[in-house]
Protein chains: 2
Amino acid sequence: MRNGVPSERVQSDDEPERSARPGRRTLSREDWARAALEAMREGGLGAVAVEPLAESLGTTKGSFYWHFKDRDSLIQAALERWVAESEELMAAAERIEDPVERGRRLTEYAFTAPSGADITTTLLIHAQHPVVGPILEQVTRRRLEFGARLTEELGLPADAAYRHALTALTMTVGIALIRRGAPQLLPQGEDKDAYVRYILELLGPPMT
Amino acid sequence: MRNGVPSERVQSDDEPERSARPGRRTLSREDWARAALEAMREGGLGAVAVEPLAESLGTTKGSFYWHFKDRDSLIQAALERWVAESEELMAAAERIEDPVERGRRLTEYAFTAPSGADITTTLLIHAQHPVVGPILEQVTRRRLEFGARLTEELGLPADAAYRHALTALTMTVGIALIRRGAPQLLPQGEDKDAYVRYILELLGPPMT
DNA sequence: GAGCTGCCATACGCCACCGTACGGGACGTC
DNA sequence: GACGTCCCGTACGGTGGCGTATGGCAGCTC
């Protein structure tokens, strides 16, 4: 979903308008929310700043304050998109029949996805923010329950399943943070694959 | 004016002067560094801000810029204290004879210490900062080597030992972050003890 | 007791960002 | 072709932080 011109009409041909707003004349609330979420992935919550975002969208604050009450409501809108994405992801996982394969794929995804694919870590960092905190908790709780339920299907009792899901979350978050801040410390190249396998083995078969 | 009497002399008896500067007349560079490190533990790197810190020390920026060139050099000084603390901690651990006991104690400490005891997670968050990044990497690398060496003493080959140390770091960091941002998701009360035991078991006996 | 030095207070300019006020262009509608 | 609505540009004031300039007081030194 690149910024594919949501409600556009003509844009006869090429003029790229030299700004980050290809041929559009007006921006929608969703454009702002999308851009905010993107900025958040790349630069954290601090990058969700009205003026810089306006600049990168090739417009001004005037546009922003037309669509939004204030910065917090932009953050809210961006995070609502994220919530939807998260739900979608879980729904997609649900469509994988074999629970073992399902678990393997999810775990592998968590540890190999491009850094910035998921913003849980970023949000955890800013969980004190009044908008971020509640949404983060809600999403994370749902994910944990999802993971726990999935693990129960593998035959574990409920409490062990929750512990397992929590451990997977912890590892995911920890690795994401280290990858962000000190990637030199993580195994590189071929060692990396071995390390991922090691983690998958550590978390993968919850036969405890 | 009106604040805590900077140039006071006697302070006849015990009154703690209600400001953060009990009976002292002048502040030292070390006072600033100490306060900065403390602020960092509690409020992250952002809390290491000259004017607020001055306020909380009962003084003004004038003092600060007498002792330091700029904010970065304060951060540097604070982190140097942290480096020393870290070395000290490892030296203390070295004094525990039995390697098994040593490992157990270290691991337990890592997962039960009061939140904010170690600022690794905080620093990881701000690892892009030119002063933070290098120091963090240096300290973390030394800790990983320390942990790996310790694990080797338990009989593991070098690569497995490093992986183990890295995993312990990852878990520590992950838990610290979740504890900071969404502690409701972690087991509370009595479940908590069971969870800690679970983690210790997961990491503890590296018999792989 | 004059001066020198160490330490601090205060005021200032600068920057980045937030939010508001208000004006004005573009476009559909009649 | 006037008008209203939608959307945006721009200027302004406010906040919080950084760094600088400069003045001044306290104690010591002689």
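A residue is counted here as near a DNA strand if its C-beta atom, placed from the backbone, lies within 6 Å of that strand. The legends below describe close-up views of a predicted model.

**Figure 1. Residues of both chains surround DNA strand D.** The surroundings of DNA strand D comprise 19 residues, and the closest of these are Thr26(A), Thr60(A), Gly62(A), Val50(B) and Arg71(B). Three helices each supply at least two residues of this surface: H3 (61–67) of chain A, and H2 (50–56) and H3 (61–67) of chain B. With four residues, H3(A) gives the most to the surface near DNA strand D. Sorted by class, this surface has six nonpolar, seven polar and six charged residues.

**Figure 2. Residues of both chains surround DNA strand C.** Around DNA strand C there are 19 residues, of which Val50(A), Arg71(A), Thr26(B), Thr60(B) and Gly62(B) come nearest. Helix H2 (50–57) of chain A, H3 of chain A and H3 of chain B each supply at least two residues of the surface near this strand. The helix that gives the most to the surface is H3(B), with four residues. By class, the surface near DNA strand C has eight nonpolar, six polar and five charged residues.

**Figure 3. A rotation of 180° superposes chain B on chain A.** The shift along the rotation axis is 0.0 Å, and the superposition has an RMSD of 0.1 Å. Such a relation is that of a two-fold axis. Within chain B, the C-alpha nearest the axis belongs to Gly174(B), at 2.0 Å from it.

**Figure 4. Chain A and chain B meet in a contact that takes 23 residues from each chain.** On the side of chain B that touches chain A, two or more residues come from each of the helices H6 (120–125), H7 (132–153), H8 (158–181) and H9 (189–203) of chain B. The largest share of this side, nine residues, is that of H8(B). By class, the side of chain B that touches chain A has 15 nonpolar, five polar and three charged residues. Of the interface residues of chain B, 96% are also interface residues in chain A, so the copies meet through the same surface.

**Figure 5. Helix H7(B) packs against helix H8(B) at an angle of about 125°.** The axes of the two helices are 8 Å apart. Since angles from 65 to 115 degrees count as roughly perpendicular and those over 145 as roughly antiparallel, the angle between these helices makes H7(B) oblique to H8(B). The crossing in which H7(B) passes H8(B) is right-handed. From H7(B), the contact is made by Leu144(B), Gly147(B), Ala148(B), Thr151(B) and Glu152(B). The partners on H8(B) are Ala158(B), Ala161(B), Tyr162(B), His164(B), Ala165(B), Leu166(B), Ala168(B) and Leu169(B). By class, the contact of H7(B) with H8(B) has nine nonpolar, three polar and one charged residues.

**Figure 6. Helices H4 and H7 of chain A cross at roughly 5°.** The axes of H4 (residues 71–94) and H7 (residues 132–153) of chain A come within 10 Å. Angles under 35 degrees count as roughly parallel, and H4(A) and H7(A) are therefore roughly parallel to each other. H4(A) makes the contact through Ile75(A), Leu79(A), Val83(A), Ser86(A) and Met90(A). H7(A) makes the contact through Val132(A), Ile135(A), Val139(A), Arg143(A) and Phe146(A). The residues of the contact of H4(A) with H7(A) divide into eight nonpolar, one polar and one charged.

**Figure 7. Helices H4 and H7 of chain B pack at an angle of about 5°.** Here the axes of H4(B), residues 71–94, and H7(B) are 10 Å apart. H4(B) and H7(B) are therefore roughly parallel to each other. The contact joins Ile75(B), Leu79(B), Val83(B), Ser86(B) and Met90(B) of H4(B) with Val132(B), Ile135(B), Val139(B), Arg143(B) and Phe146(B) of H7(B). By class, the contact of H4(B) with H7(B) comprises eight nonpolar residues, one polar and one charged.

Note on methods: Residues numbered from 1 in each chain as written. Chains lettered and ligands numbered in written order. Predicted model: local features only at pLDDT ≥ 70, side-chain atom pairs only at ≥ 80, totals over all residues. Nonpolar A, V, L, I, M, F, W, Y, C, P; charged D, E, K, R; others polar. Least-squares fit on C-alpha atoms with pLDDT ≥ 70 in both. Contact = placed C-beta atoms within 7 Å. Axes fitted to C-alpha atoms, helices over the stretch in contact; angles between N-to-C directions. Left-handed = near helix turned anticlockwise from the far one by under 90°.
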